[in-house]
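User: I am new to this structure. Please take one helix pair, look closely at how the two pack, and then walk me through the residues that stand out elsewhere.

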Amino acid sequence: MTFSTSGPFPPLILDDVRGAQKMLSGVARTTGMEGSRHLSSLVGAPVHLKCENLQRTGSFKLRGAYVRIAGLTPVERASGVVAASAGNHAQGVALASSLLGVRSTVFMPVGAPLPKVAATRDYGAEVRLHGHVVDETLAAAQEYAEETGAVFIHPFDHPDIIAGQGTVGLEILEQCPEVRTIVVGIGGGGLAAGIAVAVKALRPDVRIVGVQAAGAAAFPPSLSAGRPVALDAVQTMADGIKVGRPGDLTFPLVQELVDEVRTVTEDELSSALLLCLERAKMVVEPAGASPVAALLSDPEAFRGPVVAVLSGGNVDPLLMQRVLTHGMVAAGRYLSLRLRLTDRPGALAALLATLTVADANVLDIQHVRTDPRLGLTEAEVELHLETKGPEHCDEVASDLRAAGYLVRT
(Lines give C-alpha, C1' and ligand atoms only; values in the text may rest on other atoms or scores of the structure.)
Protein backbone atom coordinates (compact mmCIF):
# COMPACT_ATOMS: atom_id res chain seq x y z
CA MET A 1 0.00 0.00 0.00
CA THR A 2 1.34 3.44 -0.99
CA PHE A 3 0.69 6.69 0.82
CA SER A 4 1.21 10.08 -0.74
CA THR A 5 3.76 12.71 0.19
CA SER A 6 4.18 16.13 -1.33
CA GLY A 7 7.21 17.74 -2.95
CA PRO A 8 10.16 16.02 -4.62
CA PHE A 9 10.08 12.86 -2.53
CA PRO A 10 8.58 9.52 -3.64
CA PRO A 11 5.53 8.15 -1.80
CA LEU A 12 6.13 6.36 1.48
CA ILE A 13 5.38 2.65 1.55
CA LEU A 14 5.48 -0.08 4.18
CA ASP A 15 8.77 -1.36 2.73
CA ASP A 16 10.39 1.98 3.67
CA VAL A 17 9.46 1.42 7.31
CA ARG A 18 10.56 -2.21 7.20
CA GLY A 19 13.88 -1.13 5.71
CA ALA A 20 14.27 1.39 8.51
CA GLN A 21 13.59 -1.35 11.04
CA LYS A 22 16.41 -3.46 9.63
CA MET A 23 18.74 -0.46 9.66
CA LEU A 24 17.91 0.20 13.32
CA SER A 25 18.58 -3.37 14.43
CA GLY A 26 21.14 -3.23 17.21
CA VAL A 27 20.89 0.58 17.35
CA ALA A 28 17.45 1.44 18.69
CA ARG A 29 15.89 -0.61 21.46
CA THR A 30 12.66 -2.51 20.98
CA THR A 31 11.01 -0.71 23.86
CA GLY A 32 8.69 -2.52 26.22
CA MET A 33 4.91 -2.56 26.42
CA GLU A 34 3.46 -2.17 29.92
CA GLY A 35 -0.16 -2.74 30.89
CA SER A 36 -2.00 -0.14 32.98
CA ARG A 37 -4.72 -1.51 35.25
CA HIS A 38 -5.87 1.97 36.23
CA LEU A 39 -6.31 3.20 32.65
CA SER A 40 -7.81 -0.14 31.65
CA SER A 41 -10.46 0.22 34.35
CA LEU A 42 -11.31 3.72 33.12
CA VAL A 43 -11.49 2.77 29.44
CA GLY A 44 -13.22 -0.54 30.11
CA ALA A 45 -10.70 -2.42 27.95
CA PRO A 46 -6.98 -3.27 28.09
CA VAL A 47 -4.67 -0.26 27.85
CA HIS A 48 -0.95 -0.74 27.15
CA LEU A 49 1.83 1.84 27.33
CA LYS A 50 4.48 1.77 24.59
CA CYS A 51 7.53 2.97 26.53
CA GLU A 52 9.58 5.07 24.14
CA ASN A 53 10.58 7.10 27.19
CA LEU A 54 12.96 4.18 27.81
CA GLN A 55 14.49 4.41 24.33
CA ARG A 56 18.15 5.40 23.98
CA THR A 57 18.43 9.20 24.48
CA GLY A 58 15.07 9.06 26.24
CA SER A 59 12.75 9.39 23.23
CA PHE A 60 11.78 7.96 19.85
CA LYS A 61 13.80 10.62 18.03
CA LEU A 62 16.90 8.43 17.68
CA ARG A 63 15.02 6.19 15.25
CA GLY A 64 14.39 8.80 12.57
CA ALA A 65 17.66 10.65 13.08
CA TYR A 66 19.73 7.48 12.61
CA VAL A 67 17.86 6.41 9.46
CA ARG A 68 18.22 9.89 7.97
CA ILE A 69 21.94 10.22 8.67
CA ALA A 70 22.70 6.61 7.68
CA GLY A 71 21.15 7.36 4.28
CA LEU A 72 23.56 10.20 3.48
CA THR A 73 26.15 9.79 0.76
CA PRO A 74 29.86 9.66 1.69
CA VAL A 75 30.26 13.23 0.43
CA GLU A 76 27.35 14.42 2.56
CA ARG A 77 28.68 12.62 5.62
CA ALA A 78 32.04 14.29 5.16
CA SER A 79 30.32 17.69 5.29
CA GLY A 80 28.75 16.91 8.66
CA VAL A 81 25.18 17.46 9.81
CA VAL A 82 23.40 20.26 11.64
CA ALA A 83 20.13 20.33 13.56
CA ALA A 84 18.06 22.68 15.67
CA SER A 85 16.21 21.48 18.73
CA ALA A 86 15.39 22.26 22.34
CA GLY A 87 15.98 18.68 23.46
CA ASN A 88 14.92 15.29 22.09
CA HIS A 89 15.81 15.75 18.43
CA ALA A 90 19.12 17.28 19.48
CA GLN A 91 20.05 14.20 21.49
CA GLY A 92 18.86 11.83 18.76
CA VAL A 93 20.96 13.56 16.10
CA ALA A 94 23.98 13.74 18.41
CA LEU A 95 23.96 10.03 19.24
CA ALA A 96 23.12 8.90 15.70
CA SER A 97 25.97 11.00 14.31
CA SER A 98 28.42 9.61 16.85
CA LEU A 99 27.42 6.04 16.06
CA LEU A 100 27.91 6.69 12.33
CA GLY A 101 31.13 8.68 12.69
CA VAL A 102 29.61 11.90 11.37
CA ARG A 103 30.42 15.34 12.75
CA SER A 104 27.32 17.04 14.20
CA THR A 105 26.50 20.59 15.21
CA VAL A 106 23.30 21.25 17.14
CA PHE A 107 21.78 24.67 17.67
CA MET A 108 19.73 24.99 20.84
CA PRO A 109 17.81 27.96 22.31
CA VAL A 110 19.62 30.02 24.92
CA GLY A 111 17.08 28.97 27.54
CA ALA A 112 17.21 25.24 26.80
CA PRO A 113 17.25 23.11 29.99
CA LEU A 114 20.83 22.53 31.12
CA PRO A 115 20.43 18.71 31.46
CA LYS A 116 19.39 18.51 27.78
CA VAL A 117 22.29 20.71 26.68
CA ALA A 118 24.73 18.60 28.69
CA ALA A 119 23.30 15.33 27.35
CA THR A 120 23.57 16.55 23.74
CA ARG A 121 27.23 17.42 24.29
CA ASP A 122 27.85 14.08 25.99
CA TYR A 123 26.47 12.28 22.92
CA GLY A 124 29.17 13.96 20.85
CA ALA A 125 27.62 17.06 19.25
CA GLU A 126 29.02 20.56 19.18
CA VAL A 127 26.28 22.62 20.82
CA ARG A 128 25.70 26.25 19.88
CA LEU A 129 23.24 28.26 21.92
CA HIS A 130 21.40 30.76 19.74
CA GLY A 131 18.06 32.56 19.95
CA HIS A 132 15.39 32.56 22.60
CA VAL A 133 12.67 30.79 20.58
CA VAL A 134 12.92 27.71 18.38
CA ASP A 135 12.24 29.68 15.18
CA GLU A 136 15.37 31.76 15.77
CA THR A 137 17.38 28.64 16.53
CA LEU A 138 16.06 26.93 13.40
CA ALA A 139 17.00 29.91 11.23
CA ALA A 140 20.52 29.89 12.66
CA ALA A 141 20.93 26.19 11.92
CA GLN A 142 19.71 26.58 8.34
CA GLU A 143 22.06 29.54 7.81
CA TYR A 144 24.93 27.41 9.14
CA ALA A 145 24.00 24.63 6.70
CA GLU A 146 24.08 27.05 3.75
CA GLU A 147 27.44 28.53 4.81
CA THR A 148 29.25 25.26 5.58
CA GLY A 149 27.56 22.66 3.39
CA ALA A 150 26.48 20.63 6.42
CA VAL A 151 23.31 18.62 5.86
CA PHE A 152 20.34 19.99 7.77
CA ILE A 153 18.51 17.20 9.63
CA HIS A 154 14.87 18.23 9.93
CA PRO A 155 13.12 17.07 13.12
CA PHE A 156 10.13 15.58 11.30
CA ASP A 157 9.63 16.62 7.67
CA HIS A 158 11.70 14.10 5.70
CA PRO A 159 10.77 10.60 4.41
CA ASP A 160 13.70 8.93 6.21
CA ILE A 161 12.71 10.57 9.49
CA ILE A 162 9.09 9.49 9.07
CA ALA A 163 10.10 5.93 8.11
CA GLY A 164 12.36 5.67 11.16
CA GLN A 165 9.62 6.82 13.50
CA GLY A 166 7.24 4.39 11.81
CA THR A 167 9.19 1.48 13.27
CA VAL A 168 7.34 2.21 16.52
CA GLY A 169 4.16 1.15 14.71
CA LEU A 170 5.67 -2.14 13.55
CA GLU A 171 6.74 -2.93 17.12
CA ILE A 172 3.25 -2.15 18.42
CA LEU A 173 1.69 -4.64 16.00
CA GLU A 174 4.24 -7.28 16.97
CA GLN A 175 3.83 -6.73 20.72
CA CYS A 176 0.06 -6.20 20.78
CA PRO A 177 -1.43 -7.83 17.65
CA GLU A 178 -4.97 -7.44 19.03
CA VAL A 179 -4.66 -3.62 19.24
CA ARG A 180 -7.73 -1.67 18.11
CA THR A 181 -6.67 1.93 18.87
CA ILE A 182 -3.26 3.65 18.95
CA VAL A 183 -3.01 7.03 20.67
CA VAL A 184 0.04 9.17 19.92
CA GLY A 185 1.11 12.75 20.54
CA ILE A 186 1.52 15.06 17.55
CA GLY A 187 3.87 18.01 17.18
CA GLY A 188 5.11 18.31 13.62
CA GLY A 189 3.58 14.94 12.82
CA GLY A 190 6.59 12.71 12.10
CA LEU A 191 5.83 10.05 14.71
CA ALA A 192 2.09 9.92 14.02
CA ALA A 193 2.63 9.85 10.25
CA GLY A 194 5.23 7.09 10.46
CA ILE A 195 3.13 4.93 12.77
CA ALA A 196 0.12 5.46 10.51
CA VAL A 197 1.99 4.44 7.35
CA ALA A 198 3.12 1.18 8.96
CA VAL A 199 -0.07 0.29 10.82
CA LYS A 200 -2.64 1.21 8.17
CA ALA A 201 -0.78 -0.85 5.56
CA LEU A 202 -1.00 -3.96 7.73
CA ARG A 203 -4.09 -3.29 9.84
CA PRO A 204 -6.36 -0.69 8.23
CA ASP A 205 -8.99 -1.43 10.89
CA VAL A 206 -6.80 0.02 13.68
CA ARG A 207 -7.94 3.49 14.72
CA ILE A 208 -5.15 6.03 15.11
CA VAL A 209 -5.79 9.05 17.32
CA GLY A 210 -3.38 11.98 17.45
CA VAL A 211 -3.16 14.27 20.48
CA GLN A 212 -2.03 17.88 20.57
CA ALA A 213 -1.66 20.38 23.39
CA ALA A 214 -4.50 22.90 23.15
CA GLY A 215 -2.00 25.78 23.20
CA ALA A 216 -0.07 24.37 20.22
CA ALA A 217 -2.77 22.65 18.17
CA ALA A 218 -1.88 23.42 14.57
CA PHE A 219 -3.41 20.30 13.03
CA PRO A 220 -7.14 20.95 13.69
CA PRO A 221 -7.20 24.28 11.77
CA SER A 222 -4.90 22.83 9.13
CA LEU A 223 -7.15 19.82 8.60
CA SER A 224 -10.15 22.14 8.33
CA ALA A 225 -8.34 24.28 5.75
CA GLY A 226 -6.98 21.28 3.85
CA ARG A 227 -3.40 22.60 4.02
CA PRO A 228 -0.76 23.33 6.68
CA VAL A 229 -1.69 26.47 8.62
CA ALA A 230 0.75 28.23 10.93
CA LEU A 231 -0.40 29.35 14.37
CA ASP A 232 0.24 32.95 15.42
CA ALA A 233 1.56 31.77 18.80
CA VAL A 234 2.12 28.51 20.66
CA GLN A 235 2.11 28.11 24.40
CA THR A 236 2.41 24.81 26.24
CA MET A 237 4.69 23.12 28.74
CA ALA A 238 4.86 20.13 26.36
CA ASP A 239 7.90 21.30 24.41
CA GLY A 240 8.14 17.98 22.57
CA ILE A 241 4.91 18.77 20.67
CA LYS A 242 5.24 22.57 20.73
CA VAL A 243 5.19 23.05 16.95
CA GLY A 244 3.33 25.90 15.28
CA ARG A 245 2.85 24.41 11.81
CA PRO A 246 2.45 20.86 10.42
CA GLY A 247 5.11 19.64 8.04
CA ASP A 248 4.56 19.70 4.30
CA LEU A 249 5.27 15.95 4.15
CA THR A 250 3.65 14.91 7.41
CA PHE A 251 0.42 16.84 6.88
CA PRO A 252 -0.97 14.81 3.93
CA LEU A 253 -0.08 11.57 5.70
CA VAL A 254 -1.87 12.62 8.88
CA GLN A 255 -4.77 13.93 6.82
CA GLU A 256 -5.09 10.60 4.98
CA LEU A 257 -4.28 8.08 7.69
CA VAL A 258 -4.89 9.48 11.17
CA ASP A 259 -8.53 8.99 12.10
CA GLU A 260 -8.85 11.80 14.64
CA VAL A 261 -6.83 14.58 16.26
CA ARG A 262 -7.77 15.56 19.82
CA THR A 263 -6.49 18.35 22.06
CA VAL A 264 -5.71 18.30 25.78
CA THR A 265 -5.30 21.11 28.29
CA GLU A 266 -2.32 21.92 30.48
CA ASP A 267 -4.25 20.65 33.51
CA GLU A 268 -4.89 17.35 31.73
CA LEU A 269 -1.22 17.05 30.77
CA SER A 270 -0.20 17.67 34.38
CA SER A 271 -2.63 15.07 35.70
CA ALA A 272 -1.42 12.55 33.10
CA LEU A 273 2.23 13.09 34.01
CA LEU A 274 1.38 12.60 37.68
CA LEU A 275 -0.53 9.40 36.91
CA CYS A 276 2.37 8.00 34.87
CA LEU A 277 4.71 8.62 37.78
CA GLU A 278 2.44 7.35 40.56
CA ARG A 279 0.61 4.47 38.89
CA ALA A 280 2.93 3.31 36.09
CA LYS A 281 6.22 4.28 37.81
CA MET A 282 7.23 5.98 34.57
CA VAL A 283 9.13 9.27 34.28
CA VAL A 284 7.49 10.87 31.25
CA GLU A 285 7.75 14.37 29.85
CA PRO A 286 4.53 16.35 29.22
CA ALA A 287 4.55 15.61 25.48
CA GLY A 288 5.02 11.92 26.19
CA ALA A 289 2.08 11.97 28.59
CA SER A 290 -0.30 13.56 26.06
CA PRO A 291 -1.89 10.23 24.97
CA VAL A 292 -2.58 9.41 28.62
CA ALA A 293 -4.10 12.87 29.04
CA ALA A 294 -6.48 12.12 26.17
CA LEU A 295 -7.49 8.82 27.75
CA LEU A 296 -8.13 10.49 31.11
CA SER A 297 -10.18 13.32 29.59
CA ASP A 298 -12.59 11.06 27.68
CA PRO A 299 -11.96 7.37 28.46
CA GLU A 300 -15.19 6.12 26.86
CA ALA A 301 -14.13 7.44 23.44
CA PHE A 302 -11.46 4.77 22.91
CA ARG A 303 -12.10 1.24 21.73
CA GLY A 304 -9.76 -1.30 23.24
CA PRO A 305 -7.28 -2.80 23.36
CA VAL A 306 -5.58 0.60 23.35
CA VAL A 307 -1.86 1.38 23.00
CA ALA A 308 -0.75 4.80 24.26
CA VAL A 309 2.71 5.84 23.05
CA LEU A 310 4.85 7.40 25.79
CA SER A 311 7.05 9.20 23.30
CA GLY A 312 9.69 10.62 25.65
CA GLY A 313 10.97 10.94 29.18
CA ASN A 314 13.40 13.85 28.96
CA VAL A 315 11.91 16.23 31.49
CA ASP A 316 13.90 18.92 33.27
CA PRO A 317 13.81 18.31 37.05
CA LEU A 318 12.67 21.88 37.75
CA LEU A 319 9.86 21.56 35.22
CA MET A 320 8.98 18.18 36.70
CA GLN A 321 8.60 19.79 40.12
CA ARG A 322 6.31 22.51 38.76
CA VAL A 323 4.29 20.11 36.64
CA LEU A 324 3.80 17.67 39.49
CA THR A 325 2.59 20.48 41.72
CA HIS A 326 0.24 21.60 38.95
CA GLY A 327 -0.91 18.02 38.50
CA MET A 328 -1.62 17.69 42.21
CA VAL A 329 -3.74 20.84 42.07
CA ALA A 330 -5.56 19.67 38.93
CA ALA A 331 -6.24 16.30 40.57
CA GLY A 332 -7.73 17.98 43.66
CA ARG A 333 -4.84 16.88 45.86
CA TYR A 334 -4.11 20.35 47.23
CA LEU A 335 -6.45 22.47 49.33
CA SER A 336 -5.85 26.14 50.07
CA LEU A 337 -8.06 27.90 52.60
CA ARG A 338 -8.17 30.74 55.08
CA LEU A 339 -9.88 30.85 58.44
CA ARG A 340 -10.04 33.01 61.54
CA LEU A 341 -9.55 31.88 65.09
CA THR A 342 -9.32 33.40 68.52
CA ASP A 343 -5.87 34.79 69.23
CA ARG A 344 -5.07 32.92 72.42
CA PRO A 345 -2.38 30.43 73.49
CA GLY A 346 -3.07 26.95 72.13
CA ALA A 347 -5.48 28.08 69.38
CA LEU A 348 -3.09 27.22 66.56
CA ALA A 349 -2.23 23.87 68.19
CA ALA A 350 -5.94 23.05 68.41
CA LEU A 351 -6.36 23.83 64.69
CA LEU A 352 -3.45 21.58 63.76
CA ALA A 353 -4.88 18.81 65.93
CA THR A 354 -8.15 19.05 64.00
CA LEU A 355 -6.21 18.75 60.73
CA THR A 356 -4.33 15.73 62.08
CA VAL A 357 -7.60 13.97 62.84
CA ALA A 358 -8.81 14.88 59.31
CA ASP A 359 -5.60 13.27 57.91
CA ALA A 360 -4.57 16.41 56.00
CA ASN A 361 -0.87 17.17 55.56
CA VAL A 362 0.14 20.81 56.12
CA LEU A 363 2.49 22.01 53.37
CA ASP A 364 2.56 25.69 54.32
CA ILE A 365 0.98 27.89 56.97
CA GLN A 366 0.79 31.66 57.42
CA HIS A 367 -0.31 32.95 60.83
CA VAL A 368 -1.32 36.65 60.73
CA ARG A 369 -2.04 38.58 63.93
CA THR A 370 -1.40 42.22 62.94
CA ASP A 371 -3.74 42.84 60.00
CA PRO A 372 -5.89 45.94 60.73
CA ARG A 373 -8.92 44.07 59.35
CA LEU A 374 -8.73 41.65 62.27
CA GLY A 375 -10.47 42.16 65.55
CA LEU A 376 -8.53 42.73 68.74
CA THR A 377 -8.71 39.04 69.72
CA GLU A 378 -8.60 37.53 66.22
CA ALA A 379 -5.88 35.92 64.11
CA GLU A 380 -6.08 34.71 60.53
CA VAL A 381 -4.47 31.52 59.27
CA GLU A 382 -3.82 30.70 55.60
CA LEU A 383 -3.25 26.98 55.01
CA HIS A 384 -1.96 24.97 52.07
CA LEU A 385 -2.79 21.30 52.57
CA GLU A 386 -2.05 18.04 50.78
CA THR A 387 -5.12 15.81 50.58
CA LYS A 388 -6.17 12.51 49.04
CA GLY A 389 -8.42 14.04 46.40
CA PRO A 390 -11.51 16.20 45.83
CA GLU A 391 -13.73 14.22 48.24
CA HIS A 392 -11.12 14.46 50.96
CA CYS A 393 -10.88 18.23 50.39
CA ASP A 394 -14.61 18.51 51.07
CA GLU A 395 -14.28 16.34 54.17
CA VAL A 396 -11.45 18.46 55.59
CA ALA A 397 -13.38 21.69 55.06
CA SER A 398 -16.48 20.14 56.66
CA ASP A 399 -14.47 18.94 59.68
CA LEU A 400 -13.08 22.44 60.21
CA ARG A 401 -16.51 24.00 60.02
CA ALA A 402 -17.86 21.41 62.44
CA ALA A 403 -15.09 22.38 64.84
CA GLY A 404 -16.37 25.97 64.79
CA TYR A 405 -13.99 27.58 62.30
CA LEU A 406 -15.16 30.04 59.64
CA VAL A 407 -13.57 28.61 56.51
CA ARG A 408 -12.96 30.43 53.24
CA THR A 409 -11.52 28.45 50.31
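Analyst: Lys61, Arg63, Gly64, Ala65, Val67 and Arg68 of α3 touch the other helix, α8. On the α8 side, the partners are Asp160, Ile161, Gly164, Gln165, Thr167, Val168 and Glu171. By type, the residues of this contact split into five charged, four polar and four nonpolar. This is a predicted model, and what follows is computed from it.

Now the geometry. Helix α3 covers residues 61-70, and helix α8 covers residues 159-175. Their axes are 7 Å apart and meet at an angle of about 135°. That angle makes α3 oblique to α8, because roughly antiparallel would need an angle over 145 degrees. The handedness of the α3 and α8 crossing is right-handed.

Step back along the chain from α3. The loop between β4 (47-51) and α3 holds Thr57. Thr57 is not a glycine, yet its phi is positive, about 75°. Is Thr57 buried or exposed? Thr57 has a relative accessible area of 6%, so it is buried.

Lys281 makes a useful partner to Thr57 here. Lys281 also has a positive phi without being a glycine, at about 60°. Its place is the loop between α12 (266-278) and α13. Lys281 has 64% relative accessibility, so it counts as exposed. Thr57, by contrast, is buried.

Another backbone feature involves a proline. Gly304 and Pro305 are joined by a cis peptide bond, with omega about -5°. Pro305 sits in the loop between α13 (290-297) and β12 (306-310). So α13 borders two of the loops in this tour: the Lys281 loop and the Pro305 loop.

Next, the cysteines. How many disulfides does a search of the whole structure find? The search finds zero. Take Cys51: it is in no disulfide, and the nearest cysteine sulfur, in Cys276, lies 9.1 Å away. A disulfide needs two cysteine sulfur atoms within 2.5 Å, so that distance rules out a bond. Cys51 is buried, because its relative accessibility is 1%. Cys176 tells a similar story. For the sulfur of Cys176, the closest cysteine sulfur is that of Cys51, 13 Å away, which is too far for a bond. Cys176 has a relative accessible area of 1%, so this cysteine is buried.

Two more buried residues show what surrounds them. Ser104 belongs to strand β6 (residues 104-108). At a relative accessible area of 4%, Ser104 falls under the 20% limit, so it is buried. Which residues does Ser104 contact, leaving aside its neighbours within four places in sequence? They are Val81, Ala94, Ser97, Gly124, Ala125 and Glu126.

His392 is the other one. This histidine is found in helix α16 (residues 390-402). His392 counts as buried because its relative accessibility is 8%. With neighbours within four places in sequence set aside, His392 contacts Ala358, Asp359, Ala360 and Thr387.

To return to the starting point: α3 and α8 pack with their axes 7 Å apart, and their crossing is right-handed.

Terms used:
Residues are numbered from 1 along each chain as its sequence is written. This is a predicted model: local features need pLDDT of at least 70, side-chain atom pairs count only at pLDDT 80 or more; totals for chains, interfaces and linings use all residues. Side-chain values use heavy atoms; hydrogens and water are left out. Axes are lines fitted to C-alpha atoms, for helices over the stretch in contact, and angles run from 0 to 180 degrees between N-to-C directions. Helices (H or I, at least four residues) and strands (E, at least two) are DSSP runs, numbered from the N terminus. Angles under 35 degrees count as roughly parallel, over 145 as roughly antiparallel, 65 to 115 as roughly perpendicular and the rest as oblique. A crossing is left-handed if the near helix is turned anticlockwise from the far one by less than a right angle, and right-handed if clockwise. Contact means heavy atoms within 4.5 Å. Ala, Val, Leu, Ile, Met, Phe, Trp, Tyr, Cys and Pro count as nonpolar, Asp, Glu, Lys and Arg as charged, and the others, Gly among them, as polar. Buried means under 20% relative accessible area, exposed over 50%, partly exposed in between (1.4 Å probe, protein chains only).
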